[in-house]
Amino acid sequence: MTPAFSLAGISKHYPDFSLRDVSLTLPEGQVMGLVGVNGAGKTTLMRLLTGLAAPDAGEVTVLGHRLPGEQVAAKADIGYASEDMRLYRGQSLRWHIELVRRIYPGWDESYAAELVQRFDLRPDQAVGGFSHGQRVKSLLLLCLARRPRLLLLDEPTTGLDPVARIEVLEALADVLRDERRSVLFSSHNTHDVEQLADTITFLHQGRLVASADKHAFLENWRRLVCQGPLPADLADWPDIASVRANGSLVEIKARAWRDDLPARLSARGLQVQRTDPMSLEDIFITAVRSGAVA
Ligand SMILES: Nc1ncnc2c1ncn2[C@@H]1O[C@H](COP(=O)(O)OP(=O)(O)OP(=O)(O)O)[C@@H](O)[C@H]1O
């Protein structure tokens, strides 16, 4: 099956920032969450996928089309919604729908009408009077009703108050459940992507820190609380991402959990007292600090 996109050895350099050697594939029909702090390179990565920016090295292929050469063909099937897209404040949502409908032949009129209902939007009100949440939902509607095969959503929940954030996430979850389209969805917030994504990719300072199936992350990472003397070489074990000792208590974060880890620790004099799963947020922070690379 053709992947929704693949990035092979991508680098992009700006004067004060570089995206370095990123290789990443999104299988068709999957939802990938792209998580990173401010300035991690999320928007840069999205812009490379839309053809708005060209890589300095590596290959970008979107829906089987090589970019930038075949970007016209690729763009017809990409829906991109980002924070800096603006609606015309004095115009209504209906006016915007008409504008986009005329540009895109694949526009699905009845789906647009369904999304107006589902997102609880007033199509005849000027969008300048919409709340931030309503504007985000309007942008999503204008993107989704084109029925693109690949949806790129750049931080759709940023700047929303908690109520609007939940509303947008629920609306998106509904839509994505129905659709099974390919989606790349970026956020600062692991909680947001956790609800929607099948796979999660962590980006930090322009590098891919880790990328895996959401359940694999949760399976592979564990926090262990142990008692005993700290073996000097523990931090070098390849399955251990971090070690913190406080007196005789030792906290270990394991990145490749296997059932034999407690026995191996015990053989070195460290008794495991408890083993806990880790949240995606904790996994992200630990992966970034330990410099784990996908
Ligand atoms: N056209 C450009 N020229 C110069 N620098 C750029 C350009 N575009 C992005 N950058 C720089 O690249 C870095 C990464 O920016 P990017 O917008 O990709 O990060 P981000 O992860 O999306 O951040 P945020 O979460 O704050 O939106 C930033 O330091 C930014 O200033």
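I began with Asp-21, which counts as partly exposed because 16 other C-beta atoms lie within 10 Å; a buried residue would need 20 or more. The model I am reading is a predicted one.

**Entry: Asp-21 and Ser-11**

I placed Asp-21 in strand E2, residues 17–26. I then looked up its backbone and found phi near 45°, a positive value in a residue other than glycine.

Asp-21 turned up again when I listed the contacts of Ser-11. Leaving aside neighbours within four places in sequence, Ser-11 is in contact with Ser-18, Leu-19, Arg-20 and Asp-21, and also with Pro-55, Asp-56, Ala-57 and Gly-58. Ser-11 itself lies in strand E1, residues 5–14. I counted 14 other C-beta atoms within 10 Å of Ser-11, so it is partly exposed. I also took a distance from Ser-11 to Thr-286, 275 residues further along the chain, and the C-alpha atoms are separated by 25 Å.

**Entry: the whole protein**

I stepped back to the overall layout. The protein has ten helices and 14 strands. Its C-alpha atoms fill a box of roughly 70 × 40 × 35 Å along the principal axes. Of the 294 residues, 38% are buried. I noted the contacts with a separation of 6 or more, and 71% of them join residues 24 or more positions apart.

I looked up the domain assignment, which gives domain 1 as 5–210 and domain 2 as 222–277. The C-alpha centres of the two domains lie 40 Å apart.

**Entry: the ligand**

Which residues are around the ligand? I listed Tyr-14, Asp-16, Phe-17, Gly-36, Asn-38, Gly-39, Ala-40, Gly-41, Lys-42, Thr-43, Thr-44 and His-188. Sorted by class, this shell has seven polar, three nonpolar and two charged residues. Helix H1, residues 42–50, gives the largest share of the shell, with three residues.

**Entry: helix H5**

Is helix H5 largely enclosed or largely open? I found twelve of its 13 residues buried, so H5 is largely enclosed by the rest of the structure. The buried residues are Gly-133, Gln-134, Arg-135, Val-136, Lys-137, Ser-138, Leu-139, Leu-140, Leu-141, Leu-142, Cys-143 and Leu-144.

I checked the length of H5, residues 132–144, as well. At 1.5 Å a residue, its 13 residues should span 18 Å, and the end C-alpha atoms are 18 Å apart, which agrees.

**Entry: the loops on either side of H5**

Ahead of H5, I looked at Ala-126, in the loop between helix H4 (109–118) and H5. Ala-126 has 15 C-beta neighbours inside 10 Å, so it counts as partly exposed. Leaving aside neighbours within four places in sequence, its contacts are Arg-89, Gly-90, Gln-91 and Ser-92. I took one distance here too: the C-alpha atoms of Ala-126 and Glu-194, 68 residues apart along the chain, are separated by 34 Å.

After H5, I looked at Arg-147, in the loop between H5 and strand E7 (150–154). Its phi is near 55°, a positive value in a residue other than glycine. With 17 other C-beta atoms within 10 Å, Arg-147 is partly exposed.

**Entry: helix H10**

In helix H10, residues 280–290, I found Leu-280, Ile-283, Phe-284 and Ala-287 buried. Why do the buried residues of H10 line one face of the helix? Seen down the axis of H10, they fall within an arc of 100°, so they line one face. I noted the general rule beside this: an α-helix has 3.6 residues a turn, so residues three or four places apart point the same way.

I then looked up what covers the buried residues of H10. The cover includes strands E3 (31–35), E9 (199–204), E10 (207–213) and E12 (240–246). It also includes helices H7 (190–196) and H8 (214–220). Just after H10, Gly-291 takes a positive phi of about 70°.

**Entry: a cis peptide bond**

Last, I looked up Leu-67 and Pro-68. A cis peptide bond joins them, with omega about 5°. Pro-68 is found in the loop between strand E5 (65–67) and helix H2 (71–75).

Notes
Residues numbered from 1 in each chain as written. Predicted model: local features only at pLDDT ≥ 70, side-chain atom pairs only at ≥ 80, totals over all residues. Helix = DSSP H or I, 4+ residues; strand = E, 2+ residues; numbered from the N terminus. Contact = placed C-beta atoms within 7 Å. Near = placed C-beta within 6 Å. Nonpolar A, V, L, I, M, F, W, Y, C, P; charged D, E, K, R; others polar. Expected span 1.5 Å × (residues − 1). Arc of directions from axis to C-beta. Domains from an automatic or database assignment.
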